[in-house]
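I opened this entry to keep track of what I looked up about sheets and helix packing. The structure comes first, and my notes follow.

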Number of protein chains: 2
Amino acid sequence: MSLPIVLALDDAAKDRVGAAPDVALAGPDGQLLAVLRSFRAKTTLNTWQKFLPSLLGLQIDNWKKRMWDAMLALRIKFKVKIWHKIQRGLVNQDGVILIQKSGRKYNLERFTVHPPVSMTDCVEIYPHNKEERIARTWGTTAPGLPYVDEAITPAGNWLIGGDLEVLQPIKYNDGLDHYRLSPQQLRDEFDKRGADAVFAFQLRNPVHNGHALLMNDTRRRLLEMGFKNPILLLHPLGGFTKADDVPLPVRMEQHSKVLEDGVLDPETTIVSIFPSPMHYAGPTEVQWHAKARINAGANFYIVGRDPAGMGHPTEKRDLYNPDHGKKVLSMAPGLEKLNILPFKVAAYDTVAKKMAFFEPSRSQDFLFISGTKMRTFAKTGENPPDGFMCPGGWKVLVDYYNSLQTEGAAAAPAPATVASLLMPSDLPTVQFFSFKIERKILKLGTETQNVDRLSCNRTANSVIIL
Amino acid sequence: MSLPIVLALDDAAKDRVGAAPDVALAGPDGQLLAVLRSFRAKTTLNTWQKFLPSLLGLQIDNWKKRMWDAMLALRIKFKVKIWHKIQRGLVNQDGVILIQKSGRKYNLERFTVHPPVSMTDCVEIYPHNKEERIARTWGTTAPGLPYVDEAITPAGNWLIGGDLEVLQPIKYNDGLDHYRLSPQQLRDEFDKRGADAVFAFQLRNPVHNGHALLMNDTRRRLLEMGFKNPILLLHPLGGFTKADDVPLPVRMEQHSKVLEDGVLDPETTIVSIFPSPMHYAGPTEVQWHAKARINAGANFYIVGRDPAGMGHPTEKRDLYNPDHGKKVLSMAPGLEKLNILPFKVAAYDTVAKKMAFFEPSRSQDFLFISGTKMRTFAKTGENPPDGFMCPGGWKVLVDYYNSLQTEGAAAAPAPATVASLLMPSDLPTVQFFSFKIERKILKLGTETQNVDRLSCNRTANSVIIL
C-alpha cells in the first residue's frame with residue numbers, strides 16, 4: 001500500500017530529517033510503521049527508467065528513434081498515458097519537454113528534449129502556511145474551529161510530503177481494531193458477501209430509528225432497481241470529534257445493539273470504522289468523505305440535507321450555504337462514479353408512534369429530535385418517545401452519560417490522535433489513514449531505526465510526526 | 001457568445017430581479033448589453049427537451065423503450081455525453097436518476113427514474129458570503145488585499161448566477177477598444193496570420209528589454225522545434241490594478257513604442273488587452289490567467305519565477321509559497337493542453353551593457369532592476385542604464401510621471417470597473433469578461449428594457465450590477 005501524503009513536523013524533527021531520501025515513521029513503541037519516500041523520484045525518474053531504460057545520455061536523434069520503437073511496442077492507449085506522465089512530471093524540473101498536441105494526437109516531429117540536469121532525491125519539506133491552509137479548507141480564519149484548535153494550531157511549522165508506504169496495518173489497541181478495515185479489506189468483504197451494490201452511510205452520532213428507516217428504505221429502492229444483494233456500509237467516523245460528541249467506543253457499542261436488536265440486518269450490513277478525524281469543514285470535507293467511500297468500494301452514497309454543515313464560530317449564522325455540500329458532490333472532479341442519494345427527512349410521527357418520513361401536509365404530527373435534544377434526554381435520564389431508538393442502543397447512551405456524572409467529568413476526553421491529513425481542494429486520489437500516538441511515549445520515536453529490510457536498502461531517519 | 005457567470009448585487013437590485021426568469025444587463029447609457037439566463041433550465045430541461053422531446057409524463061416502461069430508441073439512433077460517444085449531462089444535471093433536483101455504471105458501460109436495466117416534479121426557471125440568487133469567497137480565493141482574510149478592498153468589500157450582499165448571453169461587444173470608449181479582442185477575434189487573427197504556435201505573455205507592467213529578450217528567445221526556441229510561424233500574444237491586463245501600477249493607457253502607449261522601435265517584431269506580435277481585473281491572488285489567479293489564454297487560442301504560456309506572487313498584507317512574509325504558482329499550473333485540471341514555458345531570469349549585464357539572461361557564474365556583472373526601481377527612475381527623471389528599455393518606451397513613462405507631478409496627484413485614479421468575476425477553485429470553462437460602468441450614470445440602469453427581440457421573447461428586468 002502506498003499513498004501520497006503530507007504531514008506536519010516541528011523544527012527539531014525537520015532538522016533530524018535533513019536531506020534524507022526516505023523517512024521512517026515509528027509508532028508509540030518505536031516500531032517501524034511506514035516509510036515516506038520522495039514523490040519526485042517516483043513520478044519522474046522511475047517512469048523514465050521503467051519504460052525507457054537507456055534514455056538519459058542519448059543524443060536527441062537516437063532518442064527519438066528509441067521513443068518511436070518504444071511506442072510502437074506499446075498499445076496506443078498506454079502511449080498517451082506515458083506521454084502525459086513525462087510531460088507533466090518534468091514541467092517543474094530545470095529541463096523541459098515540449099510536446100505539440102493537435103487534437104488527440106501528439107506530433108512527434110515537433111518536440112525537443114532537455115533531460116533534467118539534476119534530480120533531487122529527498123522527501124520534500126516546506127513551510128506550513130497554517131493561515132492559508134485554514135482559509136482554503138474552512139473558508140474562514142475565525143478562531144474556534146474545532147479541528148484547527150485541536151490539530152493545526154499546535155502542529156509544527158513545516159510540512160513534509162512524499163509517497164507513504166505503510167509496512168503494516170496501524171493498530172490502536174483499543175479493542176476496536178477489528179472494526180478498522182482498510183479499503184481493500186472492505187472490498188474483499190463486499191466480494192465475499194456477493195454484493196452487487198454498496199451504499200455507504202457516514203455518521204458520527206448514535207443510530208436512531210430515523211437513520212435506520214433511511215438506510216432500510218435505500219436498500220428497498222436498490223432492490224426495486226434490480227440489484228439482487230445491496231450491502232450497507234455503516235461507516236462511523238473514528239478520529240477526532242468535538243468534546244460534546246459521543247465518543248467512539250460508546251458509539252460502536254450502540255451500533256452493535258442496533259444490529260443485535262434487528263433494527264439493521266446484520267446479514268446485509270458491514271460496520272467499519274472510518275479512521276479519519278472530523279474536520280467540521282463543510283463542502284471541502286464532504287468531498288473527502290465521499291471520495292474515501294469510493295475508494296472503499298461504495299457506489300451509492302447517502303447525503304444529508306446539509307452535510308458537514310457548521311455554525312460560524314464567532315458569528316450568528318451558518319458558516320456555509322446549506323446547499324453547497326450537495327452541490328460540490330455533484331460537481332467535483334473524481335466523484336462522477338458515485339451515485340448520490342439525497343437524504344429524505346425523517347422525524348418522529350406522534351400519531352404512528354415511530355420514526356417516519358416527514359410529510360409536510362401533516363407537519364403538526366411530527367416531532368424533530370435533534371442530536372442536542374437526544375443527548376439532553378440521555379443526560380437527564382428522560383426517555384425519548386417510544387420508537388425513537390431501539391432500547392438496547394438507548395441504554396448504551398444512558399449508561400455513558402451516567403458514568404460521566406459519576407466521574408464528575410463534563411465529557412470523556414477525546415482520544416489523543418495525530419490527525420495529519422491535508423485536504424487539498426483538488427483531492428488527489430488518497431486513501432484514508434490516520435495515526436494515533438500516545439503523547440507520553442513520544443520520546444521513544446527519536447531513536448534511529450534500521451530499515452535495511454526495505455527495498456530501498458538504506459538506513460532512514462526515524463521520525464515521530466506531531 | 002454565452003458563458004456561466006456569477007455577479008454581485010445589492011438588496012435593492014435583488015428585489016428588482018425578484019423571480020425573473022432572465023435578467024438583462026444594461027450599460028452606462030441604458031443600452032442592453034447582455035442577458036443572464038437560468039443555468040438550470042439550460043443544463044437540464046433543455047437537454048432533455050432537445051434529445052427526448054416527449055419524455056416527461058411517460059410511464060417508466062415506455063420511457064425506457066424510448067430511451068433505447070434514442071440511444072440506438074445516436075452514436076455511442078454521444079450517448080455517454082448525454083447520460084453524463086442527465087445524470088449530473090438532475091442530481092440536485094427533487095427527483096433523481098440512478099444509473100449503475102460498470103467500467104465504461106452503463107447498464108440500462110438497472111435504473112429507475114423520478115422525473116423532476118418541479119422545475120424552477122429563474123436565475124439563481126444566493127447570499128454573497130464574502131468571508132468565504134475571500135478566504136478560498138486568497139488563502140487569507142487579512143485586511144489590505146487590493147482587489148478585496150476595491151471590489152469585494154463594497155459589493156452587494158447577494159450573488160446572482162446564470163448563463164450570460166452577451167448581445168454585443170462591450171465598449172469602454174476610451175480609445176483602446178480596438179485592442180480589446182474577444183477570444184474568438186484573437187483566434188481569427190492567429191488564423192489570418194497563419195500561426196502554427198501561439199505563445200502568450202501576461203503582464204501588467206511596461207515592457208523592458210529583459211521581457212523582450214525572453215519573448216524573442218521563446219520565438220527562437222519554437223522555430224528550432226520546427227514551428228514555422230510562432231505568433232506572440234502580448235496580453236496586458238486591462239482591468240483594475242493597484243494605484244501604484246502604471247495605468248493602462250500609458251502602458252498601451254509604451255507597448256506601441258516597443259513595437260515601433262522594433263524591440264518586438266510587429267509582424268509576429270499581436271497586442272491585445274486582457275480585460276480582467278488583477279486580483280493579486282497568487283496560485284488561484286495564475287490558473288485564471290492561464291485558462292483564459294487557452295480560451296484565446298494560446299498553446300504556450302510563459303510563466304515567471306513567482307507568478308502573481310504577493311507580500312502578506314499585514315505580516316512581513318510572502319503570502320504564498322513562491323513555487324506554488326508554477327505547481328498549480330502543472331497540476332490543475334483543464335490546463336493540460338497548455339505548454340508551460342518557465343521564465344528564464346533576465347538582468348542588466350553591466351559588461352555587455354544590455355539585458356541578458358542571468359549567469360550565476362559571473363553574478364557580480366548583473367544588475368537587477370525591479371519594477372519599483374524602474375518607477376523610481378522614471379519619477380525622479382533619472383535615466384536607467386543604456387539598453388534597459390527602448391528610448392521611445394522610456395519617454396512614455398517619464399512623460400507620465402512628469403504629468404503626475406504637474407497635476408500634483410500621487411497617481412492617476414484607476415478606471416472605475418465593475419470587476420465581478422468569481423474565481424472558483426475548480427475553474428469552470430469561462431471566457432474572460434468584465435464590465436466598466438461609470439458610477440455617475442448608474443441610475444439610468446434602473447429603467448426597464450424590452451427584450452422581446454431575444455429568443456426568449458419575454459420582458460426581462462433591467463439591472464445594473466454593482
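**Sheet and helices, chain B**

I began with helix α8 (residues 209-224) of chain B, which lies across β8, β9 (230-236), β11 and β12 of chain B and runs at about 165° to β8(B). I note here that I am working from a predicted model, so every value below is computed from it.

I then looked up the sheet itself: it is an open sheet of 5 strands in chain B, with parallel pairing and the order β10-β9-β8-β11-β12. At its edges I found β10 (269-271) and β12 (339-342) of chain B, each of which pairs on one side only. From one strand to the next the twist averages 25°.

For one pairing in detail I took strand β8 (residues 197-203) of chain B and strand β11 (residues 300-303) of chain B, which pair in the parallel sense over 2 bridges. In this pairing I noted that Phe199(B) stands opposite Phe300(B) in β11(B).

**Sheet and helices, chain A**

Turning to chain A, I asked in what order the strands of its open sheet are arranged. The order I found is β10-β9-β8-β11-β12 (chain A), for 5 strands with parallel pairing. Its edge strands are β10 (269-271) and β12 (339-342) of chain A, each pairing on one side only. Neighbouring strands of this sheet are turned by 25° against each other on average, if direction is ignored.

Helix α8 (residues 209-224) of chain A packs on this sheet, where it touches β8 (197-203), β9 (230-236), β11 and β12 of chain A, and its direction makes about 165° with that of β8(A). I also looked up helix α9 (residues 248-260) of chain A, which lies across β8, β9 and β10 of chain A and runs at about 155° to β9(A).

Strand β11 (residues 300-303) of chain A pairs with β12(A) in the parallel sense over 4 bridges. Within β12(A), I recorded Ile340(A) as the bridge partner of Tyr301(A).

**A helix pair in chain A**

Last, I checked how helix α10 (residues 282-295) of chain A meets helix α11 (residues 324-331) of chain A: their axes come within 8 Å and cross at roughly 50°. I therefore describe α10(A) and α11(A) as oblique to each other, and their crossing is right-handed. On the α10(A) side the contact is made by Pro283(A), Val286(A), Gln287(A) and Ala290(A), and on the α11(A) side by His324(A), Gly325(A), Val328(A) and Leu329(A). By class, I noted 5 nonpolar, 3 polar and no charged residues in this contact of α10(A) with α11(A).

Definitions and conventions
Residues are numbered from 1 along each chain as its sequence is written. Chains are lettered from A and ligands numbered from 1 in the order in which they are written. This is a predicted model: local features need pLDDT of at least 70, side-chain atom pairs count only at pLDDT 80 or more; totals for chains, interfaces and linings use all residues. Side-chain values use heavy atoms; hydrogens and water are left out. Two strands pair if DSSP finds at least two bridges between them. Axes are lines fitted to C-alpha atoms, for helices over the stretch in contact, and angles run from 0 to 180 degrees between N-to-C directions. Contact means heavy atoms within 4.5 Å. Angles under 35 degrees count as roughly parallel, over 145 as roughly antiparallel, 65 to 115 as roughly perpendicular and the rest as oblique. A crossing is left-handed if the near helix is turned anticlockwise from the far one by less than a right angle, and right-handed if clockwise. Ala, Val, Leu, Ile, Met, Phe, Trp, Tyr, Cys and Pro count as nonpolar, Asp, Glu, Lys and Arg as charged, and the others, Gly among them, as polar.
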